[in-house]
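Please take a moment to look over the sequence and the model shown here before reading on. The paragraphs that follow start from a single residue and then widen the view.

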Amino acid sequence: MSNIRKQIGHIISGSLTEGLTMRLAADAPLDQSKAGRFVCIDGGSYRFFSLISNITLNALSDDFARTSRATDNSFTSRILRKNNFFTTLSVKPLIMLDAENNKLPVKTLPSHCSPVFEAHDDEIGLIFGTESPHSSFFNIGAPLDMHSPVCLDLSKFAERSNAVFGKTGTGKTFITRILLSGLINKKAAVNLIFDMHSEYGLQARQEGSNKHFVKGLKTLFPSQIAIFSLDPASTRRRGCAPDCEVVIGYDEITVDDILLMSEELSLHPTALEAAYLLYARHKTQWLKVLLSSESRIKELAQELGAHVESLGALHRKLKRLELFSFLTPEPTQQSVVKKLLTYLDRGISVILEFGHQTSMLSYLLVTGIITRHIHHHYVEKTEHFLANPSQNPEPQKLIITIEEAHKFLNTQAAKQTIFGTIAREMRKYYVSLLIVDQRPSSIDPEVLSQVGTKLIAQLNDDRDIQGVLTGAPDSAGLKAVLSTLDSKKQILVLGHAITMPIVLKTREYDATFYKEISLNAEEEKDTKQLINTIF
Ligand SMILES: Nc1ncnc2c1ncn2[C@@H]1O[C@H](COP(=O)(O)OP(=O)(O)OP(=O)(O)O)[C@@H](O)[C@H]1O
Ligand SMILES: [Mg+2]
């Protein structure tokens with residue numbers, strides 16, 4: 001080990017379950033020991049990489065501590081203070097390296113008095129992997145007060161559902177854009193992004209300046225992304241004609257899609273029963289029949305054997321759908337959903353922009369319809385592949401990004417809707433979710449426990465902090481770390497795709513990033529031909 005690095009303290013006590021306590025060296029500046037920082041303990045046979053989770057001020061004599069004053073700068077007072085006061089840090093060893101730099105889980109501890117050092121930049125690469133054109137490691141930020149990039153393993157990331165949490169304005173959308181850029185650049189997964197606020201595709205506003213815009217993913221990867229729009233005029237106003245204008249026929253909406261909106265519409269279960277009766281009789285025409293039967297609800301109820309009040313309520317509530325310009329009573333010439341699946345099958349990611357259609361109702365409806373078809377399509381594709389792997393290609397992994405995820409994944413919805421199914425079991429079928437949300441406590445605990453990798457920005461609500469760390473090893477230590485995050489551009493990352501939990505300042509999403517992430521002209525050209533030949 002290099003001998004120029006600075007010792008900042010030594011170990012005085014601890015246990016495997018509770019973590020270690022180190023005493024800070026008298027000459028080590030206290031203000032550089034921050035919760036969330038990364039330290040290295042030299043334990044002889046192993047180096048233990050650990051996270052600072054707490055800082056405690058101690059005194060040998062409580063009486064002296066009570067009577068001593070910082071303003072008293074006399075020589076004796078300074079000596080007494082030096083001998084009496086000391087600082088301890090709680091550090092949790094998270095991984096150990098042996099002499100050959102193999103990464104091992106922590107199953108032993110460094111002995112008493114083992115020296116503790118600041119971690120080195122070159123150790124970060126050893127532990128978290130390094131980015132290179134042919135590896136799946138992708139830089140997402142740097143540890144606090146360090147410069148070395150910390151990488152996520154994107155191939156592992158794409159294996160499970162993942163989440164970005166944090167209260168409003170903490171940088172969730174920015175970090176999600178960075179993650180998606182990585183997934184596209186490294187071809188780790190194809191993506192479907194439900195872009196409720198139209199901030200992923202084209203340019204997006206950056207806070208703090210009205211005139212400052214950042215690039216969208218379509219701008220960074222023109223031939224890797226198709227934009228579908230529910231509000232084509234809005235997409236055009238922002239400088240790009242959508243690749244597909246979304247129009248959905250009433251015949252493509254099922255009762256299950258309505259189920260997802262039942263809370264938003266305050267639909268009573270009896271109204272849903274009436275919808276099922278309608279569907280049983282009129283099949284794909286059920287919604288058209290319902291909405292065109294305003295003057296004959298009573299007769300319709302009699303024909304179906306449904307309650308008049310329930311059917312009337314269903315009619316009243318679903319009448320709101322007539323206001324959506326992207327819905328049409330007549331069947332469409334070509335199903336938008338099929339078109340979208342064709343893009344995804346060819347490895348081209350799709351951003352679905354909502355433009356001005358930002359009501360929660362349209363978001364729930366459209367995401368529900370599309371995701372239901374995806375579910376069906378990927379189950380079929382996987383079964384074909386498994387039945388005959390030599391003939392049928394292995395499906396490419398698909399990641400569905402949803403903001404406001406608690407609307408789909410609260411305990412009630414997660415049990416009934418397609419999003420719950422995907423979060424729980426679709427990774428077997430090559431589909432997973434990227435959940436973006438500010439209220440993790442509203443998400444079903446079972447879904448939260450399935451999340452592979454979490455990127456967590458500042459959260460204030462105790463229930464949210466509790467929820468997000470449920471099931472994490474050493475959740476008490478991580479909770480302390482989480483409470484110290486800045487209100488922007490700092491995240492705690494933990495889970496499947498990262499070697500150990502760590503606090504990062506997130507990578508800047510700026511001109512340097514655009515340059516590093518964009519594909520070279522050759523790669524762009526290859527896929528440009530592909531995107532142009534689809535339709
Ligand atoms: N990685 C980053 N690079 C550059 N700027 C960033 C980054 N992360 C955050 N910011 C700044 O922080 C602001 C807020 O970030 P962002 O819009 O991602 O927050 P959010 O958590 O998605 O908020 P909301 O919940 O309201 O959608 C951005 O406008 C930008 O100025
Ligand atoms: Mg956002």
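Where is Glu404 found? Glu404 belongs to the loop that runs between β19 (398-403) and α16 (406-409), in what is a predicted model. In this loop Glu404 has a positive phi of about 50 degrees, although Glu404 is not a glycine. Its relative accessibility is 22%, and because buried means under 20%, Glu404 counts as partly exposed.

A second residue can be read alongside Glu404. Tyr430 lies in the loop between α18 (418-425) and β20 (431-437), and its phi is near 70 degrees, again a positive value in a residue other than glycine. With a relative accessible area of 16%, Tyr430 is buried, whereas Glu404 counts as partly exposed. A positive phi also appears at a glycine, since Gly129, just after α3, takes a value of about 85 degrees. Helix α3 itself covers residues 121-128, and among its buried residues are Glu123, Ile124 and Gly125, together with Ile127 and Phe128.

With these places located, the view can be widened to the whole chain. The protein has 535 residues, of which 53% count as buried, and its secondary structure comes to 23 helices and 23 strands. Measured out along the principal axes of the model, the C-alpha trace spans about 95 × 55 × 50 Å.

The remaining part of the picture is the ligand. Ligand 1 sits in the largest pocket, where 18 residues surround it, the closest being Thr168, Gly169, Lys172, Thr173 and Glu207. Which helix gives the most to this shell around ligand 1? Helix α5, made of residues 172-185, does so with 4 residues. Sorted by class, the shell holds 8 polar and 7 charged residues, along with 3 nonpolar ones.

Individual atom pairs show how the protein and ligand 1 meet. A polar side-chain atom of Lys172 lies 2.7 Å from an oxygen atom of ligand 1, while on the nitrogen side of the ligand the partners are backbone atoms: a backbone N or O atom of Arg507 lies 2.8 Å from a nitrogen atom of ligand 1, and a backbone N or O atom of Tyr509 lies 3.0 Å from a nitrogen atom of ligand 1. Taken alone, ligand 1 exposes 640 Å², and the protein buries 88% of that area.

Definitions and conventions
Residues numbered from 1 in each chain as written. Chains lettered and ligands numbered in written order. Predicted model: local features only at pLDDT ≥ 70, side-chain atom pairs only at ≥ 80, totals over all residues. Heavy atoms only, no water. Near = heavy atom within 4 Å. Polar contact = N/O pair within 3.5 Å; in protein donor to acceptor, adjacent residues only side chain to side chain. Areas by Shrake-Rupley, 256 points an atom, 1.4 Å probe, with all protein chains shown as cover. 1 Å grid on protein atoms, 1.4 Å probe; cavity = no way out; pocket = protein on both sides within 12 Å on 5 of 7 lines; lining within 4 Å. Sits in = over half its atoms within 2 Å of the grid points. Helix = DSSP H or I, 4+ residues; strand = E, 2+ residues; numbered from the N terminus. Nonpolar A, V, L, I, M, F, W, Y, C, P; charged D, E, K, R; others polar. Buried < 20%, exposed > 50% of the residue type's maximum accessible area, 1.4 Å probe, protein only.
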